[in-house]
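Please load the model in your viewer, switch to a cartoon representation and keep the selection panel at hand. The tour moves from one selection to the next and says what is found at each stop.

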Amino acid sequence: MQIRAAMMNDLTALTELFQAIELAEIGRAGTTEADIRQILLTPELDLERRSRVYEKDGDILGFAALHPAPHADRLRAHLGVSPVAPGSLADALLRQIEEWAHKQTAAAGREHESVTLFQMPQALATPALHDHGWRVVRRYSRLTIDVTGERPFLPRLPAGTEIRIAAGDDGRRRLHAVLEEALSGHWNHHRRPFEEFWADQQQRDGHDPHLWWIAEVEGTPAAVLIARSQPDRGWIAWLGTAQRYRGRGLARCLLLTAFAELKARGHHVVGVDVDSANDTNATGVYEAAGMLVIGQADQWQRDITSD
(Lines give C-alpha, C1' and ligand atoms only; values in the text may rest on other atoms or scores of the structure.)
Protein backbone atom coordinates (compact mmCIF):
# COMPACT_ATOMS: atom_id res chain seq x y z
CA MET A 1 0.00 0.00 0.00
CA GLN A 2 1.38 3.42 -0.98
CA ILE A 3 1.29 6.17 1.65
CA ARG A 4 1.68 9.79 0.57
CA ALA A 5 0.44 13.31 1.24
CA ALA A 6 -2.96 14.29 -0.10
CA MET A 7 -3.15 16.65 -3.09
CA MET A 8 -5.84 18.79 -4.68
CA ASN A 9 -5.74 16.31 -7.58
CA ASP A 10 -7.23 13.77 -5.16
CA LEU A 11 -10.47 15.76 -4.91
CA THR A 12 -12.60 13.37 -6.97
CA ALA A 13 -11.05 10.20 -5.51
CA LEU A 14 -11.50 11.42 -1.93
CA THR A 15 -15.10 12.38 -2.65
CA GLU A 16 -15.68 8.85 -3.94
CA LEU A 17 -14.02 7.43 -0.81
CA PHE A 18 -16.32 9.30 1.56
CA GLN A 19 -19.37 8.51 -0.56
CA ALA A 20 -18.49 4.80 -0.41
CA ILE A 21 -18.19 5.07 3.37
CA GLU A 22 -21.64 6.70 3.60
CA LEU A 23 -23.22 4.09 1.32
CA ALA A 24 -21.85 1.36 3.58
CA GLU A 25 -22.87 3.08 6.82
CA ILE A 26 -26.25 4.68 6.05
CA GLY A 27 -27.19 3.49 2.56
CA ARG A 28 -26.87 6.83 0.78
CA ALA A 29 -24.08 9.19 -0.22
CA GLY A 30 -24.18 12.85 0.76
CA THR A 31 -20.57 14.03 0.56
CA THR A 32 -19.89 16.40 -2.33
CA GLU A 33 -16.69 17.67 -3.88
CA ALA A 34 -17.42 20.96 -2.09
CA ASP A 35 -17.11 19.16 1.26
CA ILE A 36 -13.74 17.65 0.36
CA ARG A 37 -12.50 20.86 -1.25
CA GLN A 38 -13.33 22.68 1.97
CA ILE A 39 -11.12 20.24 3.90
CA LEU A 40 -8.20 20.36 1.46
CA LEU A 41 -8.30 24.16 1.27
CA THR A 42 -8.50 24.67 5.04
CA PRO A 43 -6.07 27.56 5.60
CA GLU A 44 -4.50 25.91 8.67
CA LEU A 45 -3.92 22.53 6.94
CA ASP A 46 -0.39 21.80 5.73
CA LEU A 47 -1.17 19.07 3.20
CA GLU A 48 2.44 17.97 2.80
CA ARG A 49 3.18 17.57 6.53
CA ARG A 50 -0.23 16.84 8.05
CA SER A 51 -2.22 14.75 5.56
CA ARG A 52 -1.92 11.21 4.26
CA VAL A 53 -3.76 9.05 1.77
CA TYR A 54 -3.39 5.28 1.78
CA GLU A 55 -3.57 4.04 -1.79
CA LYS A 56 -3.67 0.54 -3.27
CA ASP A 57 -3.85 -0.31 -6.98
CA GLY A 58 -4.78 3.31 -7.75
CA ASP A 59 -7.69 3.44 -5.26
CA ILE A 60 -7.62 5.56 -2.11
CA LEU A 61 -8.61 3.34 0.83
CA GLY A 62 -7.84 5.73 3.66
CA PHE A 63 -7.38 9.41 4.45
CA ALA A 64 -6.17 11.29 7.51
CA ALA A 65 -5.42 14.96 8.15
CA LEU A 66 -4.85 17.25 11.12
CA HIS A 67 -4.82 21.03 11.49
CA PRO A 68 -5.40 23.66 14.18
CA ALA A 69 -9.05 24.48 14.79
CA PRO A 70 -10.14 28.12 14.90
CA HIS A 71 -9.98 27.93 18.73
CA ALA A 72 -7.10 27.88 21.16
CA ASP A 73 -6.02 24.52 22.57
CA ARG A 74 -7.90 22.49 19.97
CA LEU A 75 -7.00 20.52 16.86
CA ARG A 76 -9.29 19.24 14.09
CA ALA A 77 -8.73 15.86 12.48
CA HIS A 78 -10.28 14.18 9.43
CA LEU A 79 -10.61 10.43 9.04
CA GLY A 80 -11.88 8.28 6.19
CA VAL A 81 -11.59 4.48 5.97
CA SER A 82 -12.95 2.58 2.98
CA PRO A 83 -15.41 -0.25 3.77
CA VAL A 84 -13.17 -2.58 1.73
CA ALA A 85 -9.96 -1.56 3.53
CA PRO A 86 -8.08 -3.99 5.80
CA GLY A 87 -9.35 -3.96 9.37
CA SER A 88 -6.03 -2.56 10.59
CA LEU A 89 -6.22 0.61 8.49
CA ALA A 90 -8.44 2.60 10.89
CA ASP A 91 -5.96 1.83 13.67
CA ALA A 92 -3.02 2.99 11.51
CA LEU A 93 -4.79 6.22 10.55
CA LEU A 94 -5.66 7.03 14.16
CA ARG A 95 -2.07 6.38 15.24
CA GLN A 96 -0.92 8.83 12.56
CA ILE A 97 -3.40 11.49 13.72
CA GLU A 98 -2.33 11.03 17.34
CA GLU A 99 1.36 11.21 16.42
CA TRP A 100 0.79 14.49 14.60
CA ALA A 101 -1.22 15.80 17.55
CA HIS A 102 1.55 14.99 20.03
CA LYS A 103 4.07 16.85 17.86
CA GLN A 104 1.73 19.82 17.37
CA THR A 105 1.01 20.06 21.09
CA ALA A 106 4.70 19.91 22.02
CA ALA A 107 5.68 22.42 19.32
CA ALA A 108 3.05 24.86 20.64
CA GLY A 109 4.50 24.55 24.14
CA ARG A 110 1.20 23.33 25.61
CA GLU A 111 0.68 20.54 28.11
CA HIS A 112 -2.39 19.24 26.31
CA GLU A 113 -4.81 19.93 23.46
CA SER A 114 -8.13 18.42 22.46
CA VAL A 115 -8.47 16.79 19.05
CA THR A 116 -11.89 16.44 17.44
CA LEU A 117 -13.10 14.65 14.32
CA PHE A 118 -16.48 13.82 12.78
CA GLN A 119 -17.91 10.43 11.88
CA MET A 120 -21.37 9.22 10.95
CA PRO A 121 -23.36 7.62 13.78
CA GLN A 122 -22.51 3.90 13.95
CA ALA A 123 -19.44 4.50 11.76
CA LEU A 124 -17.33 1.53 10.70
CA ALA A 125 -14.39 3.17 12.50
CA THR A 126 -16.26 3.26 15.83
CA PRO A 127 -14.49 0.23 17.40
CA ALA A 128 -11.07 1.65 16.55
CA LEU A 129 -12.02 5.06 17.95
CA HIS A 130 -13.11 3.49 21.23
CA ASP A 131 -9.92 1.42 21.38
CA HIS A 132 -7.85 4.58 21.03
CA GLY A 133 -9.71 6.40 23.80
CA TRP A 134 -11.88 8.72 21.73
CA ARG A 135 -15.39 9.64 22.94
CA VAL A 136 -18.47 11.24 21.39
CA VAL A 137 -19.05 14.76 22.74
CA ARG A 138 -21.69 16.18 20.39
CA ARG A 139 -23.92 15.42 17.42
CA TYR A 140 -24.36 17.77 14.46
CA SER A 141 -27.00 17.87 11.72
CA ARG A 142 -26.60 18.91 8.10
CA LEU A 143 -29.53 20.75 6.57
CA THR A 144 -30.03 21.82 2.96
CA ILE A 145 -32.62 23.63 0.88
CA ASP A 146 -33.28 23.55 -2.85
CA VAL A 147 -33.62 27.22 -3.80
CA THR A 148 -34.63 26.64 -7.42
CA GLY A 149 -38.38 26.51 -6.75
CA GLU A 150 -40.92 29.24 -7.28
CA ARG A 151 -41.60 29.94 -3.58
CA PRO A 152 -41.07 33.59 -2.56
CA PHE A 153 -37.76 33.97 -0.76
CA LEU A 154 -37.59 37.67 0.02
CA PRO A 155 -38.74 38.09 3.62
CA ARG A 156 -41.39 40.37 5.03
CA LEU A 157 -39.50 42.35 7.65
CA PRO A 158 -40.95 43.17 11.07
CA ALA A 159 -41.73 46.84 11.65
CA GLY A 160 -38.63 48.87 12.42
CA THR A 161 -36.30 46.22 11.00
CA GLU A 162 -33.85 46.66 8.16
CA ILE A 163 -31.40 44.21 6.62
CA ARG A 164 -28.22 45.64 5.16
CA ILE A 165 -24.84 44.37 3.97
CA ALA A 166 -22.14 44.77 6.61
CA ALA A 167 -20.17 47.20 4.47
CA GLY A 168 -16.65 48.31 5.18
CA ASP A 169 -14.51 47.76 8.24
CA ASP A 170 -17.03 49.37 10.59
CA GLY A 171 -19.90 47.20 9.36
CA ARG A 172 -17.88 44.02 9.63
CA ARG A 173 -16.76 44.91 13.14
CA ARG A 174 -20.37 45.48 14.19
CA LEU A 175 -21.33 42.13 12.69
CA HIS A 176 -18.52 40.43 14.59
CA ALA A 177 -19.60 42.04 17.87
CA VAL A 178 -23.18 40.75 17.49
CA LEU A 179 -21.93 37.28 16.51
CA GLU A 180 -19.67 37.09 19.56
CA GLU A 181 -22.57 38.03 21.83
CA ALA A 182 -24.94 35.57 20.15
CA LEU A 183 -22.50 32.65 20.43
CA SER A 184 -21.18 33.43 23.90
CA GLY A 185 -23.16 30.64 25.56
CA HIS A 186 -22.30 27.90 23.08
CA TRP A 187 -20.18 25.11 24.56
CA ASN A 188 -17.68 25.15 21.69
CA HIS A 189 -17.28 28.91 21.26
CA HIS A 190 -14.06 30.77 22.05
CA ARG A 191 -13.94 34.53 21.68
CA ARG A 192 -11.61 35.86 18.99
CA PRO A 193 -10.60 39.46 18.28
CA PHE A 194 -12.04 40.88 15.08
CA GLU A 195 -8.68 41.00 13.30
CA GLU A 196 -8.16 37.26 13.81
CA PHE A 197 -11.74 36.44 12.79
CA TRP A 198 -11.56 38.60 9.65
CA ALA A 199 -8.21 37.15 8.56
CA ASP A 200 -9.60 33.63 8.97
CA GLN A 201 -12.79 34.35 7.02
CA GLN A 202 -10.86 35.84 4.10
CA GLN A 203 -9.13 32.50 3.55
CA ARG A 204 -12.31 30.41 3.50
CA ASP A 205 -13.58 28.83 0.29
CA GLY A 206 -16.36 31.02 -1.13
CA HIS A 207 -15.60 34.07 1.02
CA ASP A 208 -17.39 37.20 -0.17
CA PRO A 209 -17.94 40.26 2.09
CA HIS A 210 -21.07 41.07 0.08
CA LEU A 211 -22.62 37.99 1.71
CA TRP A 212 -22.27 39.45 5.22
CA TRP A 213 -25.61 40.81 6.47
CA ILE A 214 -26.82 42.64 9.57
CA ALA A 215 -30.46 42.85 10.67
CA GLU A 216 -30.99 46.12 12.53
CA VAL A 217 -33.90 46.93 14.82
CA GLU A 218 -34.50 50.67 15.14
CA GLY A 219 -30.92 51.19 13.96
CA THR A 220 -29.35 48.74 16.44
CA PRO A 221 -27.54 45.64 15.10
CA ALA A 222 -29.58 42.67 16.37
CA ALA A 223 -28.82 39.61 14.21
CA VAL A 224 -26.16 38.68 11.66
CA LEU A 225 -25.44 36.12 8.96
CA ILE A 226 -22.36 35.22 6.91
CA ALA A 227 -22.86 33.10 3.79
CA ARG A 228 -20.36 31.74 1.30
CA SER A 229 -20.67 31.19 -2.44
CA GLN A 230 -18.69 28.01 -3.01
CA PRO A 231 -18.13 26.59 -6.51
CA ASP A 232 -20.99 24.08 -6.40
CA ARG A 233 -23.21 25.25 -3.52
CA GLY A 234 -24.17 28.09 -1.25
CA TRP A 235 -23.30 27.77 2.42
CA ILE A 236 -24.41 29.37 5.67
CA ALA A 237 -21.22 29.82 7.66
CA TRP A 238 -22.42 31.89 10.64
CA LEU A 239 -25.82 32.94 11.98
CA GLY A 240 -26.56 34.58 15.31
CA THR A 241 -29.12 36.75 17.07
CA ALA A 242 -28.39 38.84 20.15
CA GLN A 243 -30.29 37.38 23.08
CA ARG A 244 -32.61 40.34 23.69
CA TYR A 245 -33.79 40.24 20.06
CA ARG A 246 -34.57 36.53 19.82
CA GLY A 247 -38.08 35.34 19.02
CA ARG A 248 -38.75 38.07 16.44
CA GLY A 249 -37.99 36.01 13.32
CA LEU A 250 -34.82 37.94 12.49
CA ALA A 251 -32.76 34.82 11.80
CA ARG A 252 -35.40 33.56 9.36
CA CYS A 253 -35.41 36.93 7.57
CA LEU A 254 -31.63 36.80 7.22
CA LEU A 255 -31.75 33.23 5.91
CA LEU A 256 -34.37 34.09 3.30
CA THR A 257 -32.28 37.09 2.24
CA ALA A 258 -29.24 34.85 1.84
CA PHE A 259 -31.22 32.20 -0.07
CA ALA A 260 -32.46 34.82 -2.53
CA GLU A 261 -28.97 36.19 -3.18
CA LEU A 262 -27.39 32.76 -3.54
CA LYS A 263 -30.17 31.70 -5.91
CA ALA A 264 -29.53 34.85 -7.97
CA ARG A 265 -25.88 33.79 -8.21
CA GLY A 266 -26.92 30.52 -9.80
CA HIS A 267 -26.86 28.18 -6.80
CA HIS A 268 -29.38 25.35 -6.60
CA VAL A 269 -28.63 24.16 -3.07
CA VAL A 270 -27.73 25.96 0.16
CA GLY A 271 -26.44 23.99 3.15
CA VAL A 272 -25.48 24.39 6.79
CA ASP A 273 -24.10 22.29 9.65
CA VAL A 274 -25.65 22.89 13.08
CA ASP A 275 -25.21 21.59 16.60
CA SER A 276 -28.22 19.31 17.15
CA ALA A 277 -28.25 20.03 20.90
CA ASN A 278 -27.99 23.82 20.56
CA ASP A 279 -30.06 25.35 23.36
CA THR A 280 -31.35 28.14 21.09
CA ASN A 281 -33.21 25.58 18.89
CA ALA A 282 -30.97 26.39 15.95
CA THR A 283 -32.20 23.38 13.99
CA GLY A 284 -35.79 24.63 14.33
CA VAL A 285 -34.75 28.07 13.06
CA TYR A 286 -33.30 26.58 9.89
CA GLU A 287 -36.30 24.29 9.42
CA ALA A 288 -38.65 27.27 9.77
CA ALA A 289 -36.82 28.83 6.80
CA GLY A 290 -37.46 25.71 4.72
CA MET A 291 -34.27 23.71 5.27
CA LEU A 292 -34.42 19.95 5.81
CA VAL A 293 -32.14 17.66 7.83
CA ILE A 294 -30.38 15.28 5.44
CA GLY A 295 -27.90 13.64 7.82
CA GLN A 296 -26.05 13.70 11.11
CA ALA A 297 -22.49 13.27 12.31
CA ASP A 298 -20.97 12.65 15.73
CA GLN A 299 -18.12 14.79 17.00
CA TRP A 300 -15.47 12.62 18.62
CA GLN A 301 -12.80 14.01 20.91
CA ARG A 302 -9.55 12.87 22.45
CA ASP A 303 -7.26 14.82 24.76
CA ILE A 304 -3.60 14.70 23.77
CA THR A 305 -0.74 15.47 26.15
CA SER A 306 2.69 16.69 25.10
CA ASP A 307 4.64 14.09 27.12
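In which sense do strand 5 and strand 12 (residues 292-305) pair, and over how many bridges? Select both strands: they pair in the antiparallel sense, over 8 bridges, where pairing requires that DSSP finds at least two bridges between two strands, and where helices (H or I, at least four residues) and strands (E, at least two) are DSSP runs numbered from the N terminus. Within this pair, Glu113 has Ile304 in strand 12 as its bridge partner.

Before going further, note that this is a predicted model, in which local features need pLDDT of at least 70 and side-chain atom pairs count only at pLDDT 80 or more, while totals for chains, interfaces and linings use all residues. Residues are numbered from 1 along each chain as its sequence is written, and side-chain values use heavy atoms, with hydrogens and water left out.

**The whole chain**

Zoom out to the protein chain, which holds 9 helices and 12 strands. Its radius of gyration, taken over C-alpha atoms, is 20 Å, close to the 19 Å that the globule rule (2.2 Å times the number of residues to the power 0.38) gives for 307 residues, so the chain is as compact as a globular protein of that length. Along the principal axes, the C-alpha atoms fill a box of roughly 60 × 45 × 30 Å. Of the 307 residues, 51% count as buried, a class that means under 20% relative accessible area, as against exposed at over 50% and partly exposed in between (1.4 Å probe, protein chains only). Among contacts (heavy atoms within 4.5 Å) between residues at least 6 apart in sequence, 71% join residues at least 24 apart.

**The sheet**

Now select the strands. They form an open sheet of 12 strands in the order 1-2-3-4-5-12-6-11-10-9-8-7, with mixed pairing. The edge strands are strand 1 (2-4) and strand 7 (161-165), each of which pairs on one side only. Neighbouring strands of this sheet are turned by 20 degrees against each other on average, direction ignored, with axes being lines fitted to C-alpha atoms, for helices over the stretch in contact, and angles running from 0 to 180 degrees between N-to-C directions.

**Strand 5 and helix 4**

Return to strand 5 (residues 112-119), which is mostly covered, since 6 of its 8 residues are buried. Strand 4 and strand 5 run parallel and are joined by 3 bridges, and Val115 in strand 5 is the bridge partner of Leu75. Between these two strands the chain crosses through helix 4 (residues 89-107), and this β-α-β crossover is right-handed; that is, with the strands pointing away from the viewer, the path from the first strand over the helix to the second runs clockwise. In helix 4, pick Gln96, which is buried, with a relative accessible area of 15%. Leaving aside neighbours within four places in sequence, Gln96 is in contact with Arg52 and Tyr54.

**Strand 11 and its two partners**

Select strand 11 (residues 269-275) next, where 5 of the 7 residues are buried. Strand 6 (residues 135-146) runs antiparallel to strand 11, and 7 bridges join them; strand 10 (residues 233-241) runs parallel to strand 11, with 2 bridges. Val270 is a useful residue to label, as Ile145 stands opposite Val270 and Gly234 has Val270 as its bridge partner. From strand 10 the chain passes through helix 8 (residues 250-264) to strand 11, again in a right-handed β-α-β crossover.

**Helices on the sheet**

Helix 2 (residues 33-40) lies across strands 3, 4, 6, 9 and 10, running at about 65 degrees to strand 10. Of its 8 residues, 6 are buried, including Ala34, Asp35 and Ile36. Helix 6 (residues 168-183) packs on the sheet, touching strands 7, 8, 9 and 10, and its direction makes about 100 degrees with that of strand 9.

**Last stop: Ile226**

Is Ile226, which you will find in strand 9 (residues 220-230), buried or exposed? At 2% relative accessibility, Ile226 counts as buried. Not counting residues up to four places away in sequence, Ile226 touches Leu175, Phe197, Leu211, Trp212, Trp235, Ile236, Ala237 and Trp238. To finish, draw a distance between the C-alpha atoms of Ile226 and Pro209, which are 17 residues apart along the chain and separated by 8.3 Å.
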